[in-house]
Amino acid sequence: MTRNFIAPDGHPRCQWCGGAPEFLPYHDNEWGFPVDDDQRLFEKLCLESFQSGLSWRTILNKRENFRAAFHHFDFHQVARFGEDDVKRLLQDAGIIRHRGKIEATINNAQRAKEMVEQEGSLAAFFWRYEPTELAEPQTQTTSPESVALAKELKKRGWKFFGPTTAFAFMQAMGLLNDHAQGCVVRQQAARAREGFVRPSDRQKTTA
C-alpha cells in the first residue's frame with residue numbers, strides 16, 4: 001500500500017488511518033511503536049483475537065469496555081476467571097459477546113502465566129519473532145515469522161491466534177515498522193525502534 005492519507009494537519013499518514021476519526025490518534029501514538037510491557041502485549045493479543053471476523057474500528061471503540069471487563073488485561077487475574085465470569089461477560093453489551101473468544105481469552109491468560117514462568121516474560125518470547133527481512137510496507141498479511149509464531153503458540157495451547165492475527169499483532173506492537181513510505185509517523189516509529197532495547201539485549205547486559 002503506497003498511497004497516503006492527508007490528515008487534517010496537512011501531513012501524510014498511512015492510508016488506512018483515514019478510514020475513521022478514531023484511527024488517527026491510534027496510528028500516531030501506538031501503532032508500530034515497540035512494546036515490551038507484558039500487560040499491553042497480552043491486551044493486544046486478546047483484542048486481535050476478538051477482532052477475528054470483525055473490523056478493528058469495532059474493537060477500538062470498545063477497547064475501554066474490554067479493559068474494564070478483563071481487569072485491564074492483567075492475565076494473572078483473568079487466568080482465575082471461571083464459568084460465572086464467562087456468564088457475566090456474555091451479558092456485557094460493551095464487549096463482543098462471543099463465548100468461544102471469551103473462553104479463549106481466559107485460556108490464553110493461563111497460557112501467558114505459564115509462558116512467563118518458562119521464558120521470563122511475554123516480551124522475551126514474542127521479540128524472538130522480530131522479522132529480519134521486510135517486504136514493502138503493508139503489502140503482506142502474513143510472514144514466515146508470523147506463521148512460526150502462530151504455530152508455536154498453538155503448540156503451547158493458545159487459541160484464536162493464527163498467522164494473520166499474529167502478523168497484525170507484530171505490526172501493532174512494533175516488531176516491524178510497517179508504516180507506509182511517506183507516512184509522517186514512519187520515521188518516528190523508526191527512531192523508537194532504534195532506541196528500543198530488545199529483551200534479549202537486556203538479558204545480556206544483566207548477565
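This passage looks at the salt bridges in a predicted model. Side chains of opposite charge can pair when their charged atoms come close. In this structure, 16 salt bridges turn up, and a few of them are worth a closer look.

One of them brings Asp28 together with Arg13, with 2.9 Å from N to O. Asp28 belongs to helix H1 (residues 23-29) and Arg13 to strand E2 (residues 12-14), so this contact ties together parts that lie 15 residues apart in sequence. Both Asp28 and Arg13 are buried.

Another pairing involves Glu83 and Arg99, whose closest N and O atoms are 3.4 Å apart. Here the link runs between two helices: Glu83 sits in H6 (residues 83-90) and Arg99 in H7 (residues 99-119), with their positions 16 residues apart in the chain. Glu83 has a relative accessible area of 38%, so it counts as partly exposed. Arg99 gets the label partly exposed too, with a relative accessibility of 35%.

Then there is the salt bridge between the side chains of Glu130 and Arg193, at 2.8 Å from N to O. Glu130 is found in the loop between helix H8 (122-126) and helix H9 (144-155), while Arg193 is part of helix H11 (residues 186-194); the two are 63 residues apart, and the pair links distant parts of the chain. Glu130 comes out as buried because its relative accessible area, 18%, is under the 20% cut-off. Arg193, at 16%, is buried as well.

Salt bridges can also share partners: Glu119, Arg128, Glu152 and Arg156 are joined into one network in this way.

Terms used: Residues numbered from 1 in each chain as written. Predicted model: local features only at pLDDT ≥ 70, side-chain atom pairs only at ≥ 80, totals over all residues. Heavy atoms only, no water. Salt bridge = Lys/Arg side-chain N within 4 Å of Asp/Glu carboxyl O. Helix = DSSP H or I, 4+ residues; strand = E, 2+ residues; numbered from the N terminus. Buried < 20%, exposed > 50% of the residue type's maximum accessible area, 1.4 Å probe, protein only.
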